Structure formats: structure tokens, C-alpha cells
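Trainee: I would like to go through this model step by step. Could we take it as a set of short questions?

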Amino acid sequence: MHQPEGTNAPAQDGTEGGTQDDARAIRALWAEMARGWAAGDAALFAASFAEDCDFTTVRGDKPLGRIGIAAGHDALFHGPYAGTVLDARVVAVRFLRPDLATVEAESTITDPAGLPLATTHALAVVERTAERRWSIRAFHNMIPAPRPAP
């Protein structure tokens with residue numbers, strides 16, 4: 001799935017190897033993360049990730065699995081990001097196999113007054129488990145560098 005460079009327009013889901021139901025279930029992972037963030041609930045935020053998820057933060061930190069993701073976000077929710085909201089948008093889903101896909105996502109964190117604090121971009125790998133539930137296996141998050149003026 002390709003998105004035109006420099007835009008935030010949503011791309012179509014590539015369902016050649018998966019179904020529209022799979023794509024919806026994958027998008028629901030990001031919605032669940034946003035609900036956890038809004039509630040300041042680090043366990044709910046981290047529930048979308050596999051127990052042994054390979055997670056890289058915007059600073060390059062590598063918390064250990066779901067437990068590490070929850071611990072790191074709990075500190076954020078009780079510290080610099082208390083009361084903030086996460087607007088998480090899945091930009092593209094590309095199925096590599098029926099049970100494996102890549103996901104491109106953008107997120108904006110806003111303060112309690114609704115002012116944007118940060119925008120991030122993530123590339124993730126999601127996998128359907130034996131229980132037929134989708135889970136994030138790998139997640140690399142970054143803050144895009146500003147583009148130079150033309």
C-alpha cells in the first residue's frame with residue numbers, strides 16, 4: 001500500500017492476503033491503544049501488543065515486551081503526558097500472509113486543552129494468534145523530522 005509522499009491521506013488496505021474483517025480487527029488495535037491512553041490506563045494501552053513485542057520508542061529505548069511497554073507508558077501517563085489524548089490513525093495495512101501484516105500509523109498527542117504536543121509515525125508488524133486475535137509483534141515509533149522548505 002503506497003501513500004503519496006508528504007500527505008496524510010488514508011491509503012486503501014491491501015487485503016490480497018487478508019480480509020476486510022482482518023483489516024478492521026487490526027485497526028481496532030490502534031483504537032484500543034487510544035482508549036487506554038485517554039484513560040491513562042497503561043495496561044489497556046499495552047494490551048494490543050504481544051507479550052514479547054519488540055518495541056522501539058521515539059527516543060530509541062527498547063522496553064522489554066508488553067510489561068515494559070505498560071511500565072513505560074504508566075510513567076508517561078503519571079508524568080509529562082498526564083491528561084493527554086492520543087489520536088492514532090492507521091494509514092496503511094499490507095498483508096504479507098493471511099496471518100501477518102505490516103501497519104503504518106500516525107499519531108498526534110494533544111494536551112488537555114487540545115493543543116498538539118507531538119506527532120509520531122510508526123511501522124508495526126501484526127500477527128494473528130492461534131486464538132485468531134491480532135496482536136502487535138513489533139513496533140517502531142519515531143518523530144518525523146521537519147521537511148525542508150521547497
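What follows is a short exchange on the sheet, the aromatic residues and one loop residue.

Trainee: What kind of model is this, and in which order do its helices and strands run from the N terminus on?
Mentor: This is a predicted model. The secondary structure of the protein chain comes to three helices and five strands. From the N terminus on, the elements run α-α-β-α-β-β-β-β.

Trainee: Which strands stand at the edges of the sheet?
Mentor: The sheet is open, has five strands with mixed pairing, and its order is 1-5-4-3-2. A strand at the edge has a single partner strand, so one of its sides is left without a neighbour in the sheet. The strands at the edges are strand 1 and strand 2 (85-97).

Trainee: By what angle are neighbouring strands of this sheet turned against each other on average?
Mentor: For this value the direction of the strands is ignored. The average between neighbouring strands is 20°.

Trainee: In which sense does strand 5 pair with strand 1, and in which with strand 4?
Mentor: Strand 1 (residues 49-56) is joined to strand 5 (residues 134-142) over four bridges, in the parallel sense. One of the residues involved is Thr-56, whose bridge partner in strand 5 is His-140. Strand 4 (residues 116-128) is joined to strand 5 over eight bridges, and here the sense is antiparallel.

Trainee: Which residue of strand 5 stands opposite Ala-124, and which is the bridge partner of Ala-122?
Mentor: Opposite Ala-124 stands Phe-139 of strand 5. For Ala-122, the bridge partner in strand 5 is Asn-141.

Trainee: Which residue takes a positive phi in the hairpin of strand 4 and strand 5?
Mentor: This hairpin has five residues between the strands. The phi in question is near 70°, and the residue is Arg-132.

Trainee: How many aromatic pairs are there, and what is the geometry of Trp-37 and Phe-77?
Mentor: Counting rings whose centres lie within 6.5 Å, there are ten aromatic pairs. The ring centres of Trp-37 and Phe-77 are 5.0 Å apart and the planes meet at 70°, so this pair is edge-to-face.

Trainee: How many residues apart are Trp-37 and Phe-77, and are they buried or exposed?
Mentor: Trp-37 is in helix 1 (residues 20-39) and Phe-77 is in helix 3 (residues 65-77). The pair links distant parts of the chain, 40 residues apart. Both Trp-37 and Phe-77 are buried.

Trainee: How far apart in sequence are the parts that Phe-55 and Phe-139 tie together?
Mentor: The two rings form a stacked pair, 5.1 Å centre to centre with 5° between the planes. Phe-55 and Phe-139 are both buried. Because Phe-55 lies in strand 1 and Phe-139 in strand 5, the parts tied together are separated in sequence by 84 residues.

Trainee: Which residues form one aromatic cluster?
Mentor: Phe-55 and Phe-139 belong to this cluster, and so do Trp-37 and Phe-77. The full list is Trp-30, Trp-37, Phe-45, Phe-49, Phe-55, Phe-77, Tyr-81 and Phe-139.

Trainee: Does Thr-57 count as buried or exposed, and which residues does Thr-57 touch?
Mentor: Thr-57 is found in the loop between strand 1 and helix 3. Its relative accessibility is 16%, and buried means under 20%, so Thr-57 counts as buried. Not counting residues up to four places away in sequence, Thr-57 touches Pro-63 and Asn-141.

Trainee: What share of the 150 residues in the protein chain is buried?
Mentor: The accessible surface of the protein chain comes to about 8,400 Å², and 57% of this belongs to carbon and sulfur atoms. The share of buried residues is 39%.

Definitions and conventions:
Residues numbered from 1 in each chain as written. Predicted model: local features only at pLDDT ≥ 70, side-chain atom pairs only at ≥ 80, totals over all residues. Heavy atoms only, no water. Pairing = 2+ DSSP bridges. Helix = DSSP H or I, 4+ residues; strand = E, 2+ residues; numbered from the N terminus. Phe/Tyr/Trp six-rings, centres within 6.5 Å; stacked < 30°, edge-to-face > 60°. Buried < 20%, exposed > 50% of the residue type's maximum accessible area, 1.4 Å probe, protein only. Axes fitted to C-alpha atoms, helices over the stretch in contact; angles between N-to-C directions. Areas by Shrake-Rupley, 256 points an atom, 1.4 Å probe, with all protein chains shown as cover. Contact = heavy atoms within 4.5 Å.
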